[in-house]
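Student: I've got a model open and want to know what the labels on it really rest on. Can we go through them one by one?

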Amino acid sequence: RHPLAANWLRRDFQTRNDAQVAWPHLEVAKLLALVGNVADVLRIVAWLVIVVAAAGVLVALYNTMNERRREIAIMRTLGARRGQILGIIVLEAALVTGLGAALGVGLCHAAAATLGDAIAARINVPIGAGAFAVDELWLILAVTGLGALAGLLPAIKGSTTEVADHLGPMS
């Protein structure tokens, strides 16, 4: 009950060989500072992976534009406008990346459900596989938007396809 009783008790325990004193609020703060830094680094690495994947989508779509120029020219002769072609290609990029992100989140939850008991038994950390966080939805939306942005350059290339140059006989 005395204001200094905690310090006296701590001093008494520090002199013993079979006990150790820890101030929970200090130890938890140290742990959170350490884990917080690691979590920030992992978050940055995850965003770098997402940007590299978006660049992969951009390169893949850009390279397929040469193969798809005949199809695009046929669509243009059937009445599709440049804006519609642009929209189709951007939508394709957004769908591919959005479905990939949703599949990735789903696979992570499936892995957590499958391995959750083994992880909990090994390191005493329970993993809730069924709980979806709002951040996961934002992640899927952000990746979808980034994919649509990555598809913009190939879409511009595809929408500027000249009809007459690509409707001739194929060699």
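**Accessibility labels**

Student: Why is alanine 102 called partly exposed?

Tutor: Its relative accessible area is 35%. Buried means under 20%, exposed over 50%, and partly exposed in between (1.4 Å probe, protein chains only). The 35% of alanine 102 sits in that middle band, so partly exposed is the label. Before we go on: this is a predicted model, where local features need pLDDT of at least 70 and side-chain atom pairs count only at pLDDT 80 or more, while totals for chains, interfaces and linings use all residues. Residues are numbered from 1 along each chain as its sequence is written, and side-chain values use heavy atoms, with hydrogens and water left out.

Student: What puts alanine 102 in helix α3?

Tutor: Helices are DSSP runs (H or I, at least four residues), strands are E runs of at least two, and both are numbered from the N terminus. Alanine 102 lies in the run called α3, which spans 82-123. While you're there, the C-alpha atoms of alanine 102 and threonine 144 are 9.5 Å apart, with their positions 42 residues apart along the chain.

Student: What label does threonine 97 get, and why?

Tutor: Threonine 97 counts as buried because its relative accessibility is 10%. It belongs to α3 too. Not counting residues up to four places away in sequence, threonine 97 touches Val57, Val143, Thr144, Gly147 and Ala148, where contact means heavy atoms within 4.5 Å.

Student: And glutamine 14, buried or exposed or in between?

Tutor: In between: 45% makes glutamine 14 partly exposed. Glutamine 14 lies in α1 (residues 5-14), and its C-alpha atom is 31 Å from that of valine 38, 24 residues away along the chain.

**Salt bridges**

Student: How do you know that aspartate 12 and arginine 11 form a salt bridge?

Tutor: The test is a side-chain nitrogen of Lys or Arg within 4 Å of a carboxyl oxygen of Asp or Glu. The N to O distance for aspartate 12 and arginine 11 is 4.0 Å, so the pair is listed under that rule. Aspartate 12 is partly exposed, at 42%.

Student: How many salt bridges does the whole structure have?

Tutor: Five. One of them joins lysine 30 to glutamate 27 at 3.8 Å, N to O. Both residues lie in helix α2, three residues apart, about one turn of the helix. Lysine 30 is exposed because it reaches 55%, whereas glutamate 27 has 38% and is partly exposed. Glutamate 92 and arginine 68 also meet in a salt bridge, at 3.0 Å, N to O. Glutamate 92 is in α3 and arginine 68 in α2, so this pair ties together parts that are 24 residues apart in sequence.

Student: What keeps lysine 157 off the salt bridge list?

Tutor: Distance. Lys and Arg count as positive and Asp and Glu as negative, with His and the chain ends not counted. The nearest side chain of opposite charge, glutamate 67, is 10 Å away, so the salt bridge rule isn't met. Lysine 157 is nonetheless buried. It is placed in α5 (residues 152-159) and, leaving aside neighbours within four places in sequence, contacts Tyr62, Met65, Asn66 and Arg69.

**Pockets**

Student: What makes something a pocket here rather than a cavity?

Tutor: On a 1 Å grid over the protein atoms alone, a cavity is a set of points where a 1.4 Å probe fits but cannot get out, while a pocket is an open set with protein on both sides within 12 Å along at least five of seven lines. Lining residues have an atom within 4 Å of a point. Volume is the space filled by probe spheres set on the points, which are joined across faces, edges and corners. By that reckoning the largest pocket holds about 260 Å³.

Student: How does the lining of the largest pocket divide by residue class?

Tutor: Seven nonpolar, no polar and two charged. Ala, Val, Leu, Ile, Met, Phe, Trp, Tyr, Cys and Pro count as nonpolar, Asp, Glu, Lys and Arg as charged, and the others, Gly among them, as polar. Arg43 and Asp135 are in the lining, and both count as charged because of their residue types. α2 gives the most, seven residues.

Student: Which helices supply at least two residues each to the second largest pocket?

Tutor: α2, α3 and α4, with α3 giving the largest share, six residues. The volume is about 210 Å³. Of its 15 lining residues, Ile50, Ala53, Thr97, Ala101 and Val143 are the closest to the centre. The lining divides into 11 nonpolar, four polar and no charged.
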